[in-house]
Amino acid sequence: MRIRTKLAIAILVASVVLAGVVLVGLEVFKDRAEGQVRDNVEQTAGQTAEQVDAVVRERVNTVKFYASDPRAADPSTAPDRLDQFVGGTRFYAAQLIETNGTIVHYRGQVDAVDRRAALGRNVSTRPYVGEIVNNASSSHVSDVEVSGDQRVVIVSAPVFDPTTGNLTAVFAGAIRVSDADFFVAARPLVTDRQTVQINATANGSTVPLFERDTTFDSSIAETATVGFTGWEVTVAADRAPLNQRLNDLALAQGLGILLVVGVIAGLGFWEYSMNLRQTERLLTAFGHMQEGNYDYTLDLSAAEEWQQISDGYNDLARGVRERERAIREREQRLGVLNRLLRHNLRNDMSVILSYAEMLPDFDARDRREEAAEKIQDIGQGLIDHGQKARDIETAMESAADGVETLDMVPRVRAAVEEYRGEYPTVEFRLDLPDTCDALAIPSVDFAVENLVENAAEHNDAEDPVVEVTLDRTDGAVELHIADNGPGIPDHEQDVLFEGEETALEHGSGIGLWLAYWVVDKSEGDIEFADNDPRGAVVSVRLASPARPDHRPEDEADGADAADTDDEEPESTVDAILGGDGADTSDGTDAAGAEASETADERTTADAAGDEGGAVTEGERADTGDETDGHADGDTAAADADDYTTTMDAILGGDDGEESESATDEH
């Protein structure tokens with residue numbers, strides 16, 4: 001599982017757990033908040049019930065106080081006492097009832113007709129009389145009686161004879177159940193968020209004593225009982241504020257969850273950007289390196305440590321790229337030299353051996369001299385090949401120090417003068433400035449010499465001409481070498497720019513390869529074009545010291561340093577070909593380490609000519625087929641064993657029988 005997937009799962013799990021914890025906490029808070037409101041409502045209901053109960057007890061004590069007065073028991077003073085009771089209390093009527101239940105006195109705010117009708121009535125069955133007479137209660141409060149829109153209760157107390165202490169009558173007072181008489185404490189409790197309702201039970205039905213019109217869609221209600229009367233006090237609180245607070249809290253918690261999740265996600269994204277994404281980029285970069293794309297640049301700028309890793313990777317990629325480039329260049333040079341040794345050297349040595357074997361059989365002196373001249377020419381050609389191989393080694397060694405500022409005028413002039421004497425039939429035309437500095441390696445002379453030599457050597461025109469021009473264009477130095485010869489075949493150019501030789505497509509010599517490598521190490525470009533009307537134009541473009549747009553020094557240094565480590569076999573090849581006069585067997589062992597194919601293909605027929613029938617067309621075909629067969633069968637970069645096998649074939653080891661048979665047949 002990828003790290004970013006694990007991170008996403010961790011963030012999701014953390015979010016779910018956090019949401020669950022918040023929801024549970026919200027429910028717990030909701031229960032506690034509702035419980036707190038309910039406790040407050042219950043406490044309010046209880047306190048209201050206690051306050052109503054205190055008012056009721058006060059009314060009862062008032063009745064008991066007047067009933068305990070001796071004047072209430074004296075028939076002569078009882079009416080006055082009743083009048084004092086009604087006038088001095090909140091009771092609107094009072095009665096004095098004998099123990100047998102007969103009403104003997106009736107005073108108060110009552111109609112005279114009703115008073116006369118009540119006097120003499122027997123009310124012994126009424127609870128407010130019976131509880132006092134029969135049960136000897138100290139006081140009694142009757143159930144609420146409904147009279148029209150009024151609620152009335154009767155409070156009674158016993159009247160005792162002060163002399164005997166016997167019960168002589170019942171003192172009863174009637175009072176209206178109103179806000180002013182009983183529920184003064186309840187009125188402030190009624191608000192737009194809370195209401196109070198007090199109910200009483202009479203004859204099995206509920207009678208409202210105190211209520212308001214305030215209603216709530218949702219409320220929290222608690223009920224308490226007035227102890228003395230049994231009235232029920234219900235306090236209801238509006239639930240809307242609590243719901244609003246809970247909703248606000250839920251919203252705040254939700255926003256908090258989103259904020260926390262956002263912070264976690266932000267931290268996760270930051271972590272991803274800082275580490276995980278950098279890791280993915282690093283893995284991607286290594287994937288490019290594994291695929292051979294060393295030009296991929298890694299940029300990890302999230303932190304200083306990642307920047308160091310990025311720089312380290314880029315340095316590694318650059319080093320590997322330069323190493324690969326050096327290896328490819330080395331394999332390229334090995335391929336060219338391998339073809340030289342296995343193809344051109346084989347053919348030339350075969351011709352030399354053929355002429356050497358036939359030389360004693362020539363009777364005519366001129367034939368022997370001609371054969372000796374052929375052997376000498378071909379041998380000199382082999383020596384020239386060895387010298388060019390040695391020049392390659394020298395050029396690669398000089399490239400290790402990088403480019404430097406060189407005046408190209410004397411170098412071009414010296415190269416032309418050298419080949420002017422060697423090819424007297426060729427007309428050399430020079431167009432050179434007084435001085436022309438360019439950035440190149442010290443061995444740039446080899447490139448100039450080989451390009452001039454190639455233009456002169458292969459020029460088959462009736463009036464051969466080689467034009468050499470040196471000038472500065474667009475801040476660069478350009479060298480143009482034009483001839484009117486046969487031109488350079490396209491396949492010869494393709495070999496150079498494709499970077500490797502094949503068995504069916506190879507260069508005609510290592511001169512062009514030497515020029516190409518020297519120009520490349522000089523951080524320049526080489527181009528081939530057709531001349532008008534006939535011939536070829538080779539253009540070499542080098543950077544001018546005033547123009548810093550050549551390849552970066554670190555790349556050039558890296559590639560050159562890699563080339564310095566390569567141990568090329570050119571010096572050994574020189575020994576084989578006689579350049580240094582080294583022993584042939586030693587040369588074979590040394591050259592075997594890095595043998596490679598060359599592009600210089602000379603046929604046996606060219607070397608031997610048609611004179612004297614030294615080598616027939618059939619023999620030349622056999623030799624060419626055999627050579628191409630070996631060239632196709634071997635790799636571009638042969639190891640020491642392959643090289644030894646090839647040298648045995650060249651010198652007559654493996655294929656010696658064919659060579660000898662060819663000689664015998666001839």
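# Reading the labels on a predicted model

Trainee: Where does Val-17 sit?

Mentor: Val-17 is found in helix α1, residues 3-67. Keep in mind that this is a predicted model.

Trainee: Why is Val-17 called partly exposed?

Mentor: Its relative accessible area is 48%. Buried means under 20% and exposed means over 50%, so Val-17 at 48% lands in between, as partly exposed.

Trainee: What makes Val-17 part of a surface patch?

Mentor: Val-17 forms a nonpolar patch of about 340 Å² together with Ile-9, Val-13 and Val-21. Patch members need over 30% relative accessible area, and Val-17 has 48%, so that condition is met.

Trainee: On to the helices. Why are α9 and α10 called oblique to each other?

Mentor: Helix α9 (residues 408-422) and helix α10 (residues 444-457) pack at an angle of about 40°, and their axes are 9 Å apart. Angles under 35 degrees would count as roughly parallel, and 65 to 115 as roughly perpendicular. About 40° falls in neither range, so the pair is oblique. As for handedness, α9 passes α10 in a right-handed crossing.

Trainee: What salt bridge involves Arg-411 and Asp-445, and how do you know that it counts?

Mentor: Their side chains meet with N to O at 2.8 Å. The cut-off is within 4 Å, so 2.8 Å qualifies as a salt bridge. This pair links distant parts of the chain: Arg-411 belongs to α9 and Asp-445 to α10, 34 residues apart.

Trainee: Are those two buried or partly exposed?

Mentor: Arg-411 has a relative accessible area of 24%, and Asp-445 has 25%. Buried would need a value under 20%, so both residues count as partly exposed. Arg-411 also has Glu-449 at 8.8 Å, C-alpha to C-alpha, with their positions 38 residues apart in sequence.

Trainee: How many salt bridges does the structure hold?

Mentor: The structure holds 20. One of them joins Arg-107 and Asp-83, at 3.4 Å from N to O. Arg-107 is in strand β2 (residues 103-108) and Asp-83 is in helix α3 (residues 78-88), 24 residues apart.

Trainee: What makes Arg-107 and Asp-83 partly exposed?

Mentor: Arg-107 is at 26% relative accessibility and Asp-83 is at 37%. Partly exposed lies between the buried limit of 20% and the exposed limit of 50%, so the label fits Arg-107 and Asp-83.

Trainee: How do you know that Arg-90 and Asp-181 form a salt bridge?

Mentor: Their closest N and O atoms are 3.3 Å apart, and since the limit is within 4 Å, the pair counts. Arg-90 lies in the loop between α3 and β1 (93-98), while Asp-181 lies in the loop between β6 (167-176) and β7 (194-202), so the bridge ties together parts that are 91 residues apart in sequence.

Trainee: Why is Asp-181 called buried, and what is Arg-90 called?

Mentor: Asp-181 is at 10% relative accessibility, and buried means under 20%, so Asp-181 is buried. Arg-90 has 49%, and exposed needs over 50%, so Arg-90 stays partly exposed.

Trainee: Which residues are linked in a network of salt bridges?

Mentor: Glu-34, Arg-38, Glu-222 and Arg-239 are linked that way.

Trainee: Now the backbone. What makes Asp-474 and Glu-523 worth a look?

Mentor: Most residues other than glycine have a negative phi. Asp-474 has a positive phi of about 55°, and Glu-523 has a positive phi of about 60°; neither is a glycine. Asp-474 is in the loop between β14 (465-473) and β15 (476-483), whereas Glu-523 is in the loop between α12 (510-521) and β16.

Trainee: Are Asp-474 and Glu-523 buried or exposed?

Mentor: Asp-474 has 66%, over the 50% limit, so Asp-474 is exposed. Glu-523 has 11%, under 20%, so Glu-523 is buried.

Trainee: Where is there a cis peptide bond?

Mentor: A cis peptide bond joins Asp-532 and Pro-533, with omega at about 10°. Pro-533 lies in the loop between β16 (525-530) and β17 (536-543). Most peptide bonds are trans.

Trainee: Last one: why is Ser-544 called buried?

Mentor: Its relative accessible area is 5%, which is under 20%, so Ser-544 is buried. Ser-544 is in the loop between β17 and α13 (553-564), and its C-alpha is separated by 4.7 Å from that of Ala-438, 106 residues apart along the chain.

Notes. Residues numbered from 1 in each chain as written. Predicted model: local features only at pLDDT ≥ 70, side-chain atom pairs only at ≥ 80, totals over all residues. Heavy atoms only, no water. Patch = residues over 30% accessible without salt bridge, like charges linked within 9 Å, V, L, I, M, F, W, Y side chains within 5 Å. Areas by Shrake-Rupley, 256 points an atom, 1.4 Å probe, with all protein chains shown as cover. Helix = DSSP H or I, 4+ residues; strand = E, 2+ residues; numbered from the N terminus. Buried < 20%, exposed > 50% of the residue type's maximum accessible area, 1.4 Å probe, protein only. Axes fitted to C-alpha atoms, helices over the stretch in contact; angles between N-to-C directions. Parallel < 35°, antiparallel > 145°, perpendicular 65-115°, else oblique. Left-handed = near helix turned anticlockwise from the far one by under 90°.
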